[in-house]
Amino acid sequence: MTSRDKTLFAWFGAVALLQTAVLGKIVWDRQSLVKTGREIVMQVQPVDPRDLFRGEYVTLGYGISPIVSTALAQSLPADALRRGEPVFVTIRPDAELSWKALAVSQVLPAPPASGPASGDVTLKGRIQSVWPGELKDAVNFTVDFGIESYFVQEGRGKLLEQQVRDDKIQALVAVGPDGTAALKGLVIGGQRHEDPPLF
């Protein structure tokens, strides 16, 4: 093996090690969030009730998106609501595990000195689409929070699909201090369906 071959081998080894470390960090961060994040339960609105499961995952919708800017106590100016922009949406629980968006900002809001008011939670997301509202100066926009798809174990999709058609479903969401959210499972007909931890 020449010195050039050894250098290439070492370079490829370093790149492979770096990629493995980055992937491991992503998995570690998500598992840590699922284990230690604040758990909230949210009512789910399936995006397509006729075809809930596409293969082995379900696409979920929530009452907190789309958002009408004029319905918020605090919102960004219309020109700041652009597709792809990161935002922080503060939500508050309503009756029957339904959450309502209260405010949208470009930075993580500081928690109140007395602690979260009425169970408020801030979620980090990214604006997916923006369009004019019906009222003057109103803007409608959707936000992707990273909790819109739930993957199920192979072979369980059809069983869960049948249960979902018969019962209301809720999402079990873990939320970190920085607003990052992870979908940790579903509640279907009162039964929790969670992914087993990786470690």
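**Salt bridges and a surface patch**

Let's start with E39, which counts as partly exposed because its relative accessibility is 34%. That puts it in the middle band, which runs between the cut-offs of 20% for buried and 50% for exposed. Keep in mind as you look around that this is a predicted model.

So what does E39 do with its side chain? One of its partners is K184: the two side chains meet in a salt bridge, with N and O 3.0 Å apart. Now trace the chain between them. E39 sits in strand β1 (residues 38–46) and K184 sits in strand β11 (residues 181–188), so this pair links distant parts of the chain, 145 residues apart. K184 has a relative accessible area of just 12%, so it is buried. That's a nice contrast to keep in mind: E39 is partly exposed, while K184 is buried.

E39 has another partner too. The side chain of R192 also meets E39 in a salt bridge, this time at 3.1 Å from N to O. R192 belongs to strand β12 (residues 191–194) while E39 is in strand β1, so the pair ties together parts that lie 153 residues apart in sequence. With a relative accessible area of 45%, R192 is partly exposed. Put these pieces together and you get a network of salt bridges linking E39, K184 and R192.

How many salt bridges does the structure hold? There are four. Another of them is formed by D120 and R92, whose closest N and O atoms are 2.6 Å apart. Here, too, distant parts of the chain are linked: D120 is in the loop between β6 (99–105) and β7 (121–132), R92 is in strand β5 (residues 86–93), and 28 residues separate them. Are these two buried or exposed, or something in between? D120 counts as buried because its relative accessibility is 15%, and R92 counts as partly exposed because its value is 30%.

Now leave the charged side chains and head for helix α1 (residues 3–36), where you'll find V15. V15 has 30% relative accessibility, so it counts as partly exposed. On the surface, V15 joins L8, W11 and F12 in a nonpolar patch. Together, these four residues have about 390 Å² of accessible area.

To retrace the tour, look again for the network of E39, K184 and R192, then the D120 and R92 pair, and finally the nonpolar patch of L8, W11, F12 and V15.

How values were computed:
Residues numbered from 1 in each chain as written. Predicted model: local features only at pLDDT ≥ 70, side-chain atom pairs only at ≥ 80, totals over all residues. Heavy atoms only, no water. Patch = residues over 30% accessible without salt bridge, like charges linked within 9 Å, V, L, I, M, F, W, Y side chains within 5 Å. Areas by Shrake-Rupley, 256 points an atom, 1.4 Å probe, with all protein chains shown as cover. Helix = DSSP H or I, 4+ residues; strand = E, 2+ residues; numbered from the N terminus. Buried < 20%, exposed > 50% of the residue type's maximum accessible area, 1.4 Å probe, protein only.
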